[in-house]
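Notebook open, structure loaded. I want to go through the ligand site, then the metals, then the cysteines.

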Amino acid sequence: TAKHTGKRTVFYDDTQDENSLLRLQLVKDLKDAISNDHLDLHFQPKINLVNQSVSSVEALLRWEHPEHGMVPPGRIIPMAEQTGVIQQLTRWVLARALRQLSDWRRDGIDIGVAVNLSAYDLRDTTLPEVVHGLLTETGTHPEQLTLEVTESAMMSDLNNAAQLLSRIKEMGVSIAIDDFGTGFSSLSYLKKLPVKELKIDKSFVINMGHDENDAMIVHSTIDLAHNLGLTVVAEGVESRKVLEQLQSQGCDLVQGFHVCKPLPAVKLGGWLREMSHR
Ligand code: C2E
Ligand code: CA
Ligand code: CA
Ligand code: CA
């Protein structure tokens, strides 16, 4: 269902129009948007709390539909998964993100990028070759790319996911666990996976300023990550108070509206330049 707010139509993340004509039309529009390069990426920095530097940014999908306005990724991704478009979409995102890196390099900005994967991508055995091809094509060092995968995406087929991710890791690409704390309760799988970075889900981080339980969960997760030799990122940092808490708890990297919202490439380039001159 869609609610009209003036000219714009805002989509809700529901499934009521699952089989409706609107949905079919949207799927068709999404396919066209991929082929015609009408999608976009925004980028949000990961800030190092020790030296205040930015060594990488996360790419986040954006789609401005000509009639319906912004369609959130939380709606695009499930639609792409259900209709078999996800493989194409992930390739588009990877290609766009890596091309952006080479544009930034040309402008003197040396930075890495993180791209989100869907559970479906972990079943795509051609993914390592695709990643390798795009790295070569864009002249990107594998160390500059991180792939973010959610806990739940890996759990659905742990052995296969571990195998695929190992092939990607062998190329020098890093793997991050996204939304940590929201998925599987057992931690034993962490040992099985070639993971370098752990991202604490924003649902714990957002309220840690006034919720002691959340603060404790975040603190324990930071210690856990460090004991396992992993870099830990807190996402959803919306206040200075939380930022300072994370700093005193020894968190490595942060992301959040308080520091920098996801921005279009050009704007982010400006933000990065400003940061580096501080
Ligand atoms: P995610 O990977 O956990 O990304 C973080 C989300 O939190 C982003 O929402 C980001 O805009 C938002 N965010 C960043 N800072 C803050 C903050 O301080 N407070 C709050 N409340 N939110 C913050 P976005 O861009 O709407 O993306 C939502 C989800 O859609 C992502 O969650 C990711 O799972 C998925 N997604 C986005 N782009 C892609 C993509 O290219 N491929 C795939 N497979 N999934 C994507
Ligand atoms: Ca992510
Ligand atoms: Ca996340
Ligand atoms: Ca999420």
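**Ligand 1 and its surroundings**

I started at Asp179, where a polar side-chain atom sits 3.3 Å from an oxygen atom of ligand 1. Worth keeping in mind that this is a predicted model.

I checked two more acidic side chains against the ligand. Asp178 puts a polar side-chain atom 3.0 Å from an oxygen atom of ligand 1. For Glu58, I get 3.2 Å between an N or O atom of its side chain and an oxygen atom of ligand 1.

How much of ligand 1 does the protein bury? Ligand 1 taken alone exposes 800 Å², and I find that the protein buries 82% of that.

Then I listed the neighbours. I count 22 residues surrounding ligand 1, and the closest are Arg62, Asn116, Asp178, Glu238 and Phe257.

**The calcium ions**

Next I looked up which protein atoms hold the calcium ion (ligand 2). Its protein donors are Glu58 (OE), Asn116 (OD1), Glu148 (OE) and Asp178 (OD), at 2.2 to 2.3 Å. So Asn116 and Asp178 turn up again, having been listed among the residues closest to ligand 1.

Along the chain, I read the donor spacing for ligand 2 as E-x57-N-x31-E-x29-D. The pair of Glu58 and Glu148 ties distant parts of the chain together: Glu58 belongs to strand E4 (residues 54-65) and Glu148 to strand E7 (residues 145-150), 90 residues apart. Buried or exposed, these two glutamates? Both Glu58 and Glu148 come out buried.

Moving outward from ligand 2, I find the calcium ion (ligand 3) 4.1 Å away, with Asp178 coordinating both ions.

I then went back to Asp179, which lies in strand E8 (residues 174-180). Asp179 bridges the calcium ion (ligand 4) and the calcium ion (ligand 3), and those two are 3.8 Å apart. For ligand 4, the protein donors I get are two OD entries, both from Asp179, at 2.7 to 2.9 Å.

**The cysteines**

Last check: how many disulfides does the structure hold? I find 0 disulfides. Cys251 is in none, and the nearest cysteine sulfur to it, that of Cys260, is 17 Å away. A disulfide needs the two sulfur atoms within 2.5 Å, so a pair at 17 Å does not count.

I looked at accessibility too. Cys251 counts as buried because its relative accessibility is 3%. Cys260 is at 5%, so I file it as buried as well; the cut-off for buried is under 20%.

Methods:
Residues are numbered from 1 along each chain as its sequence is written. Chains are lettered from A and ligands numbered from 1 in the order in which they are written. This is a predicted model: local features need pLDDT of at least 70, side-chain atom pairs count only at pLDDT 80 or more; totals for chains, interfaces and linings use all residues. Side-chain values use heavy atoms; hydrogens and water are left out. Buried means under 20% relative accessible area, exposed over 50%, partly exposed in between (1.4 Å probe, protein chains only). Donors are N, O and S atoms within 2.8 Å of the metal (3.2 Å for Na, K and Ca); water is not among the atoms, so sites may look incomplete. Helices (H or I, at least four residues) and strands (E, at least two) are DSSP runs, numbered from the N terminus. A residue is near a molecule or strand if one of its heavy atoms lies within 4 Å of it. A polar contact is a pair of N or O atoms within 3.5 Å; within protein, one must be able to donate a hydrogen and the other to accept it, and residues adjacent in sequence count only if both atoms are side-chain atoms. Accessible areas come from the Shrake-Rupley method with a 1.4 Å probe; for residues, only the protein chains shown count as cover.
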